[in-house]
Structures are given as C-alpha cells and as structure tokens.
Amino acid sequence: MQERLTFFGRLYGLDTNPEAGMWYLFITIFVLCAIVYQLGFARKVKLWQTLVIYLMMFIGVIFLTFFGAFYPVAECLIVIAIILAGYRYRLHKERKEGNIAQPKGPPAQ
C-alpha cells in the first residue's frame, strides 16, 4: 500500500498509523487551502462572512483529505501557493513602480 500513497501520505505514516496520519494530512491541506485562498481569492468582507467561508472550507477539506491519501492534493496546493505568491509579488512590484493603478477600494453596493 505504501507505494500508492502520496508524499504526504508516506511522510505522515498513513500505512502505519492511519488515524494520526489522516489528522496531520487534514491539517496540512486545511492550512494550504487557507494560504491559497488568502493569496488568490480573499477580499475584505465582514467577520461573519469570513467565518462562513472558513467553515465551508473546513467541510470541503474533509473530503479533500480522503482523496489526499492517494492523489497529490497537498502537493498541488503547494504548487498553487507558489504560483500565486509569485503573482502577488509581481503585482506588488508593478504597483510600487507605478505601472499598475492602485485598487480604489470596495465596490459600491
């Protein structure tokens, strides 16, 4: 079974201690999802809306954790986080140089 596990599955010992390994994998995927959300999709919203977003993310990560044992979910999230971090860095650099206009704030409702 170990040859079918992903890198994080082997790292957390899903074949020897599946209960603890799944919790570690769950925490890893949740943290990576939160990082990806913050880097690419987060907007300034009210506190209760943020709590609802993270609650929905928590529920979704439960399902992703089961897939993450045999499919490279966490590994893909790391790649996505690196790409979004590079994008955010370039965007910050371009705005600092004045090549891109600053955002004007939240849209009118």
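Two exercises with worked solutions follow, both based on a predicted model.

**Exercise 1.** Describe the secondary structure and the overall dimensions of the chain.

*Solution.* Begin with the secondary structure, which comprises four helices and zero strands, so that reading along the sequence gives the pattern α-α-α-α. Next, take the dimensions: the C-alpha trace spans about 55 × 30 × 15 Å along its principal axes, and the radius of gyration is 18 Å, whereas a compact globule of 109 residues would have a value near 13 Å. Finally, turn to burial and contacts: 26% of the 109 residues count as buried, and among contacts with a separation of 6 or more, 65% join residues 24 or more positions apart.

**Exercise 2.** Which residues have the most contacts inside the largest nonpolar core, and is Phe63 buried or exposed?

*Solution.* The largest nonpolar core has 19 residues, and those with the most contacts inside it are Ile29, Cys33, Met57, Val61 and Leu77. Two or more residues come from each of α2 (18-40), α3 (47-68) and α4 (73-97), with α2 giving the largest share, eight residues. Leaving aside residues up to four places away in sequence, Leu77 touches Ile29, Leu32, Cys33 and Val36.

Now consider Phe63, which is found in helix α3. Its relative accessible area is 54%, and since exposed means over 50%, Phe63 is exposed. Phe63 also helps to make a nonpolar surface patch of about 930 Å², together with residues including Trp48, Phe58 and Phe66. In soluble globular proteins, by contrast, nonpolar side chains tend to be buried together. For the chain as a whole, about 8300 Å² is exposed, and carbon and sulfur atoms supply 68% of it.

Note on methods: Residues numbered from 1 in each chain as written. Predicted model: local features only at pLDDT ≥ 70, side-chain atom pairs only at ≥ 80, totals over all residues. Heavy atoms only, no water. Core = buried A, V, L, I, M, F, W, Y, C linked by side-chain atoms within 4.5 Å. Buried < 20%, exposed > 50% of the residue type's maximum accessible area, 1.4 Å probe, protein only. Contact = heavy atoms within 4.5 Å. Patch = residues over 30% accessible without salt bridge, like charges linked within 9 Å, V, L, I, M, F, W, Y side chains within 5 Å. Areas by Shrake-Rupley, 256 points an atom, 1.4 Å probe, with all protein chains shown as cover. Salt bridge = Lys/Arg side-chain N within 4 Å of Asp/Glu carboxyl O. Rg over C-alpha atoms; globule rule 2.2 N^0.38 Å.
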